Amino acid sequence: MNYTEDYAITLAEKVLKDIGYWGEDYEEPTVRFDAGEYIVIGKDTWLVSFPYAAEDYGRDVDGHSNALRHVTIFDSDGIATSISYRNGHVELGYNIEEDIYFIADRRP
């Protein structure tokens, strides 16, 4: 592991703010490190998941929102690559000089 859970959370928040997806309704994030077995086969990956919009999508049995935004970060370089969310996916670009993320592709 090259990066930490705290780094992953901080970066994920920055990414969501950079592309205008940050909202006041986000709940406490969860973080998962995957050693290349499930998220991206063969790549060590951080997955930071932010529950949001519980009032619109309801809550699960543990009280967390049913809607999540997942930020994927490769552990090899510490750069976020994509965001997945209810009915959508965003591929990210990163401007190294300006230290800012942008939407490279969005579906739908």
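Okay, so let's start with Phe-50: its bridge partner in strand 3 is Arg-69. Keep in mind that we're looking at a predicted model here. That pair belongs to a longer run, since strand 2, residues 44-52, and strand 3, residues 67-74, pair in the antiparallel sense over eight bridges. Another pair you can look up is Thr-45, which stands opposite Phe-74 in strand 3.

What holds strands like these together? In general, the strands of a sheet pair through backbone hydrogen bonds, and they can do that parallel or antiparallel.

Now, the other neighbour of strand 2. Strand 1 also runs antiparallel to strand 2, and six bridges join them. Over there, Arg-32 stands opposite Leu-47 in strand 2.

So is strand 2 enclosed or open? Eight of its nine residues are buried, under 20% relative accessible area, so strand 2 is largely enclosed by the rest of the structure.

Let's zoom out. We've got an open sheet of six strands, in the order 1-2-3-4-5-6, with antiparallel pairing. Which strands stand at the edges? Those are strand 1, 30-35, and strand 6, 100-107. Each has a single partner strand, so one side of each is left without a neighbour in the sheet. And the sheet isn't flat-on: ignoring direction, neighbouring strands are turned by 25 degrees against each other on average.

Last piece: helix 1, residues 5-18, packs on this sheet. Helix 1 touches strands 1, 2 and 3, plus strand 4 (80-85), strand 5 (88-95) and strand 6. Its direction makes about 60 degrees with that of strand 2.

Note on methods. Residues are numbered from 1 along each chain as its sequence is written. This is a predicted model: local features need pLDDT of at least 70, side-chain atom pairs count only at pLDDT 80 or more; totals for chains, interfaces and linings use all residues. Side-chain values use heavy atoms; hydrogens and water are left out. Two strands pair if DSSP finds at least two bridges between them. Helices (H or I, at least four residues) and strands (E, at least two) are DSSP runs, numbered from the N terminus. Axes are lines fitted to C-alpha atoms, for helices over the stretch in contact, and angles run from 0 to 180 degrees between N-to-C directions. Contact means heavy atoms within 4.5 Å. Buried means under 20% relative accessible area, exposed over 50%, partly exposed in between (1.4 Å probe, protein chains only).
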